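Colleague: Hi! I have a few questions about how this chain is put together, so could you bring it up for us?

Modeller: Happy to, here it comes.

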Amino acid sequence: PSINMVELGGGAVIAGCGQTRLGKLGETAGTLVKEALDEALADAGLQRESLRGLISMPALGSNASNAMDFMPAHKIATDLGLLTRPGGQDFICRTVDCGGASPVVALREACTLLREEKLGCVAVVGGDVVGSMQTNDFLSRLGNNSGSPAIPSKYDDFARWHMDTFGTTREELASVPVFMSMQAAKNPDAMSKGQVTLTGVLNSGKIASATNLYECAKRADGAAALIVTSRGFAEDRGMLHHCVPILGVGEA
């Protein structure tokens with residue numbers, strides 16, 4: 001497959017980040033996204049008025065009253081008054097939907113807006129409330145009413161292909177959650193801090209032919225946000241010393 005690489009050099013930096021707690025929170029996705037965004041703005045030392053663009057992605061666990069599944073970037077910007085303020089007609093919203101790759105694609109889109117539209121300051125936000133969903137509702141939202149785990153089954157196809165193509169062993173694949181659990185044990189914000197063993201992964205419940213329970217992501221409610229700015233924007237405001245440069249973003 002072709003790879004689209006944006007070489008950004010010093011043109012874009014991450015100026016702030018924010019995230020909510022994780023778990024079954026009983027909040028809407030929109031509420032959690034706003035919480036994460038305000039935390040990211042505070043981390044950057046900025047106000048909402050500094051934003052000139054916002055990129056988001058659909059929320060699987062949204063509903064009619066929340067409406068985060070349809071044009072969520074526009075809904076968030078509208079709810080925050082970013083589109084109705086003076087000059088709001090120049091505010092740019094983008095919604096990206098590339099499954100699990102959406103956060104990286106959204107970051108790429110933010111960098112593109114900074115480079116091509118000269119926006120100066122853009123927010124990348126995402127959130128969902130799948131942890132609070134009933135399992136049957138979750139499967140229904142995926143378009144699968146048979147009870148079959150659609151997402152693990154699809155990733156299982158790729159796992160089988162990798163094993164058949166490159167000779168990757170089942171134990172090598174199962175080592176991934178083992179190493180991830182080691183990192184989680186050191187992270188105070190991790191949902192699960194207990195370390196798992198290779199034997200534990202291989203003996204956990206079988207979900208698909210080459211995928212067991214401990215290799216599947218946990219469902220949770222939560223949100224996160226990044227404030228992405230141009231280097232010039234950060235320099236003008238004396239923020240550059242705590243910003244993280246973005247060297248490049250790839251999309252395959």
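Colleague: Is E35 buried, partly exposed or exposed in this model?

Modeller: Keep in mind that this is a predicted model. The relative accessible area of E35 is 33%. Buried would need under 20% and exposed over 50%, so with its 33% the class of E35 is partly exposed.

Colleague: Which side chain does E35 meet in a salt bridge?

Modeller: E35 sits in helix α1, and its partner lies 14 residues apart, in the loop between β2 (12-19) and α1 (29-44), so the pair links distant parts of the chain. The N to O distance is 3.7 Å, and the cut-off for a salt bridge is 4 Å. The partner counts as partly exposed, at 45% relative accessibility. The residue you want is R21.

Colleague: How many residues apart are D79 and K75?

Modeller: Their side chains meet in a salt bridge, 3.2 Å from N to O. Both count as partly exposed, D79 at 41% relative accessibility and K75 at 25%. D79 and K75 are in helix α2 (residues 72-79), where about one helical turn separates them, because their spacing is four residues.

Colleague: Which residue joins K75 and D79 in a network of salt bridges?

Modeller: The structure holds nine salt bridges, and the one between D79 and K75 belongs to a linked network. The remaining name in that network, beside K75 and D79, is K34.

Colleague: With which residue does E235 form a salt bridge?

Modeller: The closest N and O atoms of this pair are 3.3 Å apart. E235 and its partner are in helix α8 (residues 231-236), separated by about one helical turn because they are four residues apart. E235 is partly exposed at 44% relative accessibility, and its partner is partly exposed at 38%. That partner is R231.

Colleague: Let's turn to the inside. Which element gives the largest share of the largest nonpolar core?

Modeller: In soluble globular proteins, nonpolar side chains tend to be buried together. Here the largest nonpolar core has 33 residues, and L37, L46, L51, L54, V125, I227 and M239 have the most contacts inside it. The elements giving two or more residues are β2, α1, α2, β5 (121-129), β8 (221-230) and α8. The largest share, eight residues, comes from α1.

Colleague: How many residues are in the other core, the one with C111?

Modeller: This core lies apart from the largest one, and its members include C111, L119, V122 and V249. V122 is also among the residues that L51 touches, a list that includes L37, F91 and I227. The size of this other core is 19 residues.

Colleague: Which residue of β9 is the bridge partner of I14?

Modeller: The open sheet has six strands in the order β4-β3-β5-β8-β2-β9, with mixed pairing. Its edge strands, each pairing on one side only, are β4 (92-95) and β9 (244-245). β2 and β9 pair in the antiparallel sense over two bridges. For I14, the bridge partner in β9 is V244.

Colleague: And on the surface, what is the area of the nonpolar patch with I151?

Modeller: I151 is found in helix α5 (residues 150-166). At 39% relative accessibility, I151 counts as partly exposed, and patch residues need over 30%. Together with Y155 and F158, I151 makes a nonpolar surface patch of about 340 Å².

Terms used. Residues numbered from 1 in each chain as written. Predicted model: local features only at pLDDT ≥ 70, side-chain atom pairs only at ≥ 80, totals over all residues. Heavy atoms only, no water. Buried < 20%, exposed > 50% of the residue type's maximum accessible area, 1.4 Å probe, protein only. Patch = residues over 30% accessible without salt bridge, like charges linked within 9 Å, V, L, I, M, F, W, Y side chains within 5 Å. Areas by Shrake-Rupley, 256 points an atom, 1.4 Å probe, with all protein chains shown as cover. Core = buried A, V, L, I, M, F, W, Y, C linked by side-chain atoms within 4.5 Å. Contact = heavy atoms within 4.5 Å. Pairing = 2+ DSSP bridges. Lists of a residue's contacts leave out its neighbours within four places in sequence.
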